[in-house]
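Grab a pencil and have a go at a few exercises on reading a protein model. Each one comes with a worked solution, so you can check your steps.

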Amino acid sequence: MNGLIILHMNSELIDQADFSVTRFEIDQAKNRKNLHPDLSHQVEQNGMGVLIFHGTIPERCRALRFGLGDPVNEESLMAVENKFRQHNGNANFLLTPFTDPSFVNLLMSHGYSVGQWSQVLVADLQQQSISANKYPGIHIKKIDGSRAKEYADILAQSFATLEVPYLANPAMHIDIPFMENGHSYLASVNDTLAGAATWVNFGEWIYMFIAGTLPGYREQGIQSALIQRRMVDARDAGCRYASIVCGPGSTSGRNAERQGFQVAYTRLSLVKNLQDN
C-alpha cells in the first residue's frame, strides 16, 4: 500500500459511490432500449428505488436503492415482485449498509434469502500515482461500436469458467461499446486480443464496469494495465473519483486495491424465486 492515498469513507462519499453504480445500471438499460426498440421498458424509477430489467437476460433483473428513499410496505413489495414476473425474472434487491432495517425485515419475512455479497471500491483519481505506461508489453486500444462483437466475445470467453452463466453470454456485453458516456477498450499481447474493459463517467465520478482477460493470458498484468489506462483517461478528462464492484477476496478486487482502490462498503443481494410462485 506504499504511496497509495487513503480516502476517508464518510456517508456522503459512500452514497455517491453507490449512486455512480446505479447510474451505470440506468444508462446501460436506456442504451439497451435505444438499440433494441422492440424490447419492453428496461428501467423504472420512483421514490422507493430503481428497477432494472434486461430484455434478453432475465437473471440481470434487479432492484437498486430500495430502503433508502420512500418506505416500502407489503403492498408495494408485491407490486415490485409482479414487475419482475412480467420480465421473467426473479426478485433481486441489492442492499447497502444504509438500507432501512425495516425493509430488510420485510424481505426476510416474505421468503427472501441471501444471494451474494459484493464490495464497492473507490479511488481518488487526482491523488493516486497512475500511469498508462507501466505495462509496455500490453497494447490497449480505445474502441467504438464497430468492434462490439470482438469486445463481447472476449468478455464472454473470459467469464466462461465462472458459475455465473449470463456473464458468459455475449449478449450481456455487446451493447456496452455503444453507450453515449462509455469508454471501451481492447487489450492485446503480440497483436493477439487478450482482454477488454469499460468505464462510464457521470460528472466527477466514473464507474469501471466489468473487465475480463482470456484464460491463456492471465497473471500477465493485463487487468492491472486496463485499470491504469482507464484511471489515467478518466483523470485526464477531469473526473475525480472511480468506483468498481468486485467479489470479496476476488482476484479483481486485489488487482483494484493494488492500483489504489479501497473498499468503501459491502453490498448484499436478497433474492426470491418468483417463477414457481
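Below are three exercises on a helix, some salt bridges and a strand.

A quick word before you start: this is a predicted model, where local features need pLDDT of at least 70, side-chain atom pairs count only at pLDDT 80 or more, and totals for chains, interfaces and linings use all residues. Residues are numbered from 1 along each chain as its sequence is written, and side-chain values use heavy atoms, with hydrogens and water left out.

**Exercise 1. The two sides of a helix**

Find which residues of helix H3 are buried, and work out how they are arranged around the axis.

*Solution.*

Step 1: Locate H3, which spans residues 101-109. Helices (H or I, at least four residues) and strands (E, at least two) are DSSP runs, numbered from the N terminus.

Step 2: Pick out the buried residues, meaning those under 20% relative accessible area (exposed is over 50%, partly exposed in between; 1.4 Å probe, protein chains only). In H3 you'll find Phe 103, Leu 106 and Leu 107.

Step 3: Check their directions. These three sit on the same side of H3, because they cover an arc of only 95° around the axis, going by the directions from the helix axis to the C-beta atoms. An α-helix has 3.6 residues a turn, so residues three or four places apart point the same way.

Step 4: Flip to the face turned away from the buried side; Pro 101, Asn 105 and Ser 109 are exposed there.

Step 5: Look for the cover. The buried residues of H3 are covered by elements including helix H2 (74-86), strand E4 (91-95) and strand E11 (262-272), where contact means heavy atoms within 4.5 Å.

**Exercise 2. Charged partners**

Take the salt bridges of Asp 15, Arg 60 and Lys 83, and say which parts of the chain each one links.

*Solution.*

Step 1: Set the rule: a salt bridge is a side-chain nitrogen of Lys or Arg within 4 Å of a carboxyl oxygen of Asp or Glu. The structure holds 12 of them.

Step 2: Start with Asp 15, whose side chain meets that of Arg 65 at 3.0 Å, N to O. Asp 15 is in helix H1 (residues 11-35) and Arg 65 in the loop between strand E3 (62-64) and H2, 50 residues apart. Asp 15 is partly exposed at 34%, while Arg 65 is buried at 19%. Asp 18 joins in too: Asp 15, Asp 18 and Arg 65 are linked in a network of salt bridges.

Step 3: Move on to Arg 60, which pairs with Glu 25 at 3.1 Å. Arg 60 lies in the loop between strand E2 (50-52) and E3 and Glu 25 in helix H1, so this pair ties together parts 35 residues apart in sequence. Arg 60 is buried at 8%, and Glu 25 is buried at 7%.

Step 4: Finish with Lys 83, whose partner is Glu 44, at 3.2 Å between the closest N and O atoms. Lys 83 lies in helix H2 and Glu 44 in strand E1 (residues 43-45), so parts 39 residues apart in sequence are tied together.

**Exercise 3. A strand and its neighbours**

How many residues of strand E7 are buried, and which strand does E7 form a hairpin with?

*Solution.*

Step 1: Count along E7 (residues 182-189): eight of its eight residues are buried.

Step 2: Split them by face. Gly 182, Ser 184, Leu 186 and Ser 188 are on one side, with His 183, Tyr 185, Ala 187 and Val 189 on the other.

Step 3: Trace the pairing, which needs at least two DSSP bridges between two strands. Strand E6 (residues 139-143) runs antiparallel to E7, joined by five bridges. Eight bridges join E7 to strand E8 (residues 192-202), also antiparallel.

Step 4: Spot the turn: E7 and E8 form a hairpin with two residues between them, and Asn 190 in the turn has a positive phi of about 55°.
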